[in-house]
Amino acid sequence: MLIKRPPDILPSEITPPEVYRGRREFMRTAAGLALAGSLGVQAGSAAAAVKLATRPGPYGTGEELTPWKDVTGYNNFYEFGTDKADPARHAGSLRTRPWTLQVDGLVKRPGSYDIDALLKLAPLEDRIYRMRCVEGWSMVIPWVGYPLNELIRRVEPLGSAKYVEFTTLNDRTQMPGVRFPVLDWPYTEGLRLDEAQHPLTLLSVGLYGEALPNQNGAPVRIVVPWKYGFKSAKSIVRIRFVEKQPVSSWMSAAPREYGFYSNVNPEVDHPRWSQAKERRIGEFLKRKTLMFNGYGEQVARMYSNLDLRRYF
């Protein structure tokens, strides 16, 4: 039995109230973009029709993959709307070529990378990761990309660089959701430098062996599988190396609910719901949430001296 949306979680519990109340206003504006919206799934599918040359990656799971239609049709991407189906409906307006990724800040070799040049920096790998959303649902997704550390090595961070900040596209002509102050645009996220350099942290350009659909963060995004999904910034245009901890968009919007680390931790509840269990999309029953989303063996040592209840 396919569960599209967990029936025991109300919309007002899933999303901060100020965002939830803004949906109706967004939908009125989105109606004026009906043509672009009607092309959303088509455009995303067209992008995904581009096959990528890949090799098997070092990480994976024997769990059943989440079907393509759910991976590409049930998304959080507020730049295209706050409902889970909005990104697939409205992301057809996103133009992924030309696309430039700027890398700067505390590095020896700052620069700008055209997306097609970025694809060639390292061999692309297939990696199957569990992905856990703070709202209580999860998926198993076969990503395509290479370790973010491949790019980090090339730009050579300075000794003073302690964090990495990610900035996403902020263009109201392409993204109808940024016309509303549901978040502090542009969307920003951040990682500690050691987290960004961890071999699990992926610079992703595709899924299911094909280029990323628009609604999944085309043409390039970050995937951090031991953290809640909002840490994996989509449609990135800038990576900046900094000394001080960045203030991410969700930290700014709701600091009591969304901390900087946001590691998957079943022992730390969201203020409005428990994180002890999750519902895998496509399954009826809930399952126990795994510490670090099941990647504790690989990442737990990075937090051995950190109080994970305080630094959530």
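Colleague: Which side chains meet in a salt bridge with Glu-257?

Modeller: Generally, a salt bridge is a side-chain nitrogen of Lys or Arg within 4 Å of a carboxyl oxygen of Asp or Glu. Here, Glu-257 pairs with Arg-272, at 2.7 Å from N to O. Bear in mind that this is a predicted model, where local features need pLDDT of at least 70, side-chain atom pairs count only at pLDDT 80 or more, and totals for chains, interfaces and linings use all residues. Residues are numbered from 1 along each chain as its sequence is written, and side-chain values use heavy atoms, leaving out hydrogens and water.

Colleague: Is Glu-257 buried or exposed?

Modeller: Buried means under 20% relative accessible area, exposed over 50%, and partly exposed in between (1.4 Å probe, protein chains only). Glu-257 counts as buried because its relative accessibility is 15%, while Arg-272 is partly exposed at 25%.

Colleague: How many salt bridges does the structure hold?

Modeller: It holds 25. Another one joins Lys-227 to Glu-195, again with the closest N and O atoms 2.7 Å apart, and both of these residues are buried.

Colleague: What does strand E8 pair with over five bridges?

Modeller: Strands (E, at least two residues) and helices (H or I, at least four) are DSSP runs, numbered from the N terminus. Two strands pair if DSSP finds at least two bridges between them. E8 (residues 202-207) pairs with E5 (residues 137-147), in the antiparallel sense, and Gly-145 stands opposite Ser-204. E8 also pairs antiparallel with E10 over three bridges; there Ser-204 stands opposite Arg-221.
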